[in-house]
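The exercises below are to be worked with the sequence and the coordinates side by side. Try each task before reading the solution that follows.

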Amino acid sequence: MPFKKEYVLLLSGLGISNLGNWIYLIALNLSVWHLTESPAAVAGIYIIGPIAHILSSFFAGSIIDRSNKKRILIWSDIARGIIVCIMPFMSSIWLIYSLIFLANIASSFFYPSSTFMITKLVNEEHRQRFNAINSILSSGCFMIGPALGGAIIALSSTDVAMWINGVTFFLCAWLLSLLPNIETTYNKTRSIVTLTMIRHDFYTVWQFIKKHPALRTFIMLYSVTLMIAYSLDSQEMSFLKQFHEVSDTSYGVIVSLTGIGAIIGGFAAAAFVHKLSLTTYIGAGFSLTLLSYFIFYASPILIIGIIAFITLGFFMAFSNTGYATLYQKSIPTELMGRFGSTLKLFESSIQISLTLLLGFLAEWFSIQLTTSIFGFLGLLFALIVYIHLLKHFTSIESEEVI
């Protein structure tokens, strides 16, 4: 894959933003934990986001598909940077939740727009390798971010960690501003969103997905399984601190170890682009990722959990690369904003329900028992996804429907 200027700018912007996200997440988790010492309160961090995504899903896609995607990316980053920078001044958990809500509204515009930009700027023959490299950068951030966040917190405070995250958002906005403008026919139409327009947009998405039943089944199964994994993420810190009794610093280091496997997995995913099918990337990668989740939460000793963390990162790199490539190949660019928002509405509804359920069950029963059960269910669903892919897309690259 050639290193075009657009590729470098896009990868750099997204990578820096991801690095800041991990610093922020570690700081935010620890801030809420020290404020409440409640697994349910920490789980609330992972519930506010889906609530924001549900509300914004009713209008974000309609705005995105009718607006300049580059400008949306820039202003979304600026908004998130400002929000994160003022968050350390909040001492109430409810004020913190409110700012998390606003930040996630902004992210509802950012991610569908970034998918559009990748699809339009990156040539089709380069996308899978581009996605693999993007996965490497994300994994590197996943490894470096928590460790860097832990170091910043150890040397200063969680407040400084959040301010640094705000700076990364501003830097990302500047890098993305250097990208060329990508115009569509929707850029020239009116962008005022009405209820009639929203209803029509949901109908348009439904008509598209109705014509592709195999794609519809795959996305629904994949999304449900992914939301099970996300609900497990909400209990990760509580599990490590309650069951394995790790310190704040150790927690950051342990989480960053996942990035080691993810970086290796990212390089492997980039190397095998022309040797393995998307079915293998998604199906096998996803199944082994959920197996790693299950082993992590079922592990009786910390060392087994750490090994599972490393394998989780490795196989997640394949899964993410495959899914991103399939999504970019399957969804028309003129529909990406509306389709992404509709999908986010579906996913967020499931995520809220599962995260709440898991959080309260972890309070009422053993945290290891509840997370292990959820991990096992996630593994079963991932295997069903794999079976579906094998049955319908044994040679997925040549499938016209997808």
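**Exercise 1.** Does Gly261 count as buried or exposed? Determine also which residues Gly261 touches, not counting those up to four places away in sequence.

*Solution.* Before any value is read, note that this is a predicted model, in which local features need pLDDT of at least 70 and side-chain atom pairs count only at pLDDT 80 or more, while totals for chains, interfaces and linings use all residues. Residues are numbered from 1 along each chain as its sequence is written, and side-chain values use heavy atoms, with hydrogens and water left out.

The first step is to place the residue: Gly261 is found in helix α11, residues 248-271, where helices are DSSP runs of H or I with at least four residues, strands are runs of E with at least two, and both are numbered from the N terminus. The second step is the accessibility, which is 2% in relative terms for Gly261, so that this residue counts as buried; the classes are buried under 20% relative accessible area, exposed over 50% and partly exposed in between, with a 1.4 Å probe and protein chains only. The third step is the contact list, with contact meaning heavy atoms within 4.5 Å: Gly261 touches Ile310, Gly313 and Phe314 once residues up to four places away in sequence are set aside. Finally, the C-alpha atoms of Gly261 and Ala308, which are 47 residues apart along the chain, are separated by 9.7 Å.

**Exercise 2.** Describe the surroundings of Ser57 and find the backbone nitrogen that lies 3.4 Å from a polar atom of its side chain.

*Solution.* Ser57 belongs to helix α2, which covers residues 39-57, and with a relative accessible area of 5% this serine is buried. Leaving aside neighbours within four places in sequence, Ser57 is in contact with Phe202, Ser341, Lys344 and Leu345. The backbone nitrogen sought is that of Leu345.

**Exercise 3.** Work out where Asn21 and Asn134 lie, and state for each whether it is buried or exposed.

*Solution.* Begin with Asn21, whose place is in helix α1, residues 5-36; its relative accessible area is 18%, and Asn21 is therefore buried. Apart from neighbours within four places in sequence, Asn21 is in contact with Tyr111, Asn165 and Phe169. Asn134, in turn, sits in helix α6, residues 127-155, and is buried with a relative accessible area of 15%. With neighbours within four places in sequence again left aside, Asn134 is in contact with Leu11 and Leu14.

**Exercise 4.** Which residues are in contact with Ile64, leaving aside its neighbours within four places in sequence?

*Solution.* Ile64 lies in helix α3, which runs over residues 60-64, and is buried at a relative accessible area of 1%. Its contacts, under the stated exclusion, are Lys69, Ile72, Ser108, Phe109, Pro112, Ser113 and Gly337. A further distance can be checked in the coordinates: the C-alpha atoms of Ile64 and Glu334 are separated by 9.7 Å, although these residues are 270 apart along the chain.

**Exercise 5.** Classify Leu377 by its relative accessibility, and give its C-alpha distance to Thr280.

*Solution.* Leu377 has its place in helix α15, residues 367-392, and at 39% relative accessibility this leucine counts as partly exposed. Between Leu377 and Thr280, 97 residues apart in sequence, the C-alpha to C-alpha distance is 21 Å.

**Exercise 6.** Characterise the protein chain as a whole, and decide how its radius of gyration stands against the globule rule.

*Solution.* The secondary structure comes to 15 helices and 0 strands. The radius of gyration of the chain is 20 Å, close to the 21 Å that the globule rule gives for 402 residues, so the chain is as compact as a globular protein of that length; the radius is taken over C-alpha atoms, and the rule is 2.2 Å times the number of residues to the power 0.38. Along the principal axes, the C-alpha atoms fill a box of roughly 55 × 45 × 40 Å. Buried residues make up 58% of the 402 residues, and among contacts between residues at least 6 apart in sequence, 86% join residues at least 24 apart.

How values were computed: A polar contact is a pair of N or O atoms within 3.5 Å; within protein, one must be able to donate a hydrogen and the other to accept it, and residues adjacent in sequence count only if both atoms are side-chain atoms.
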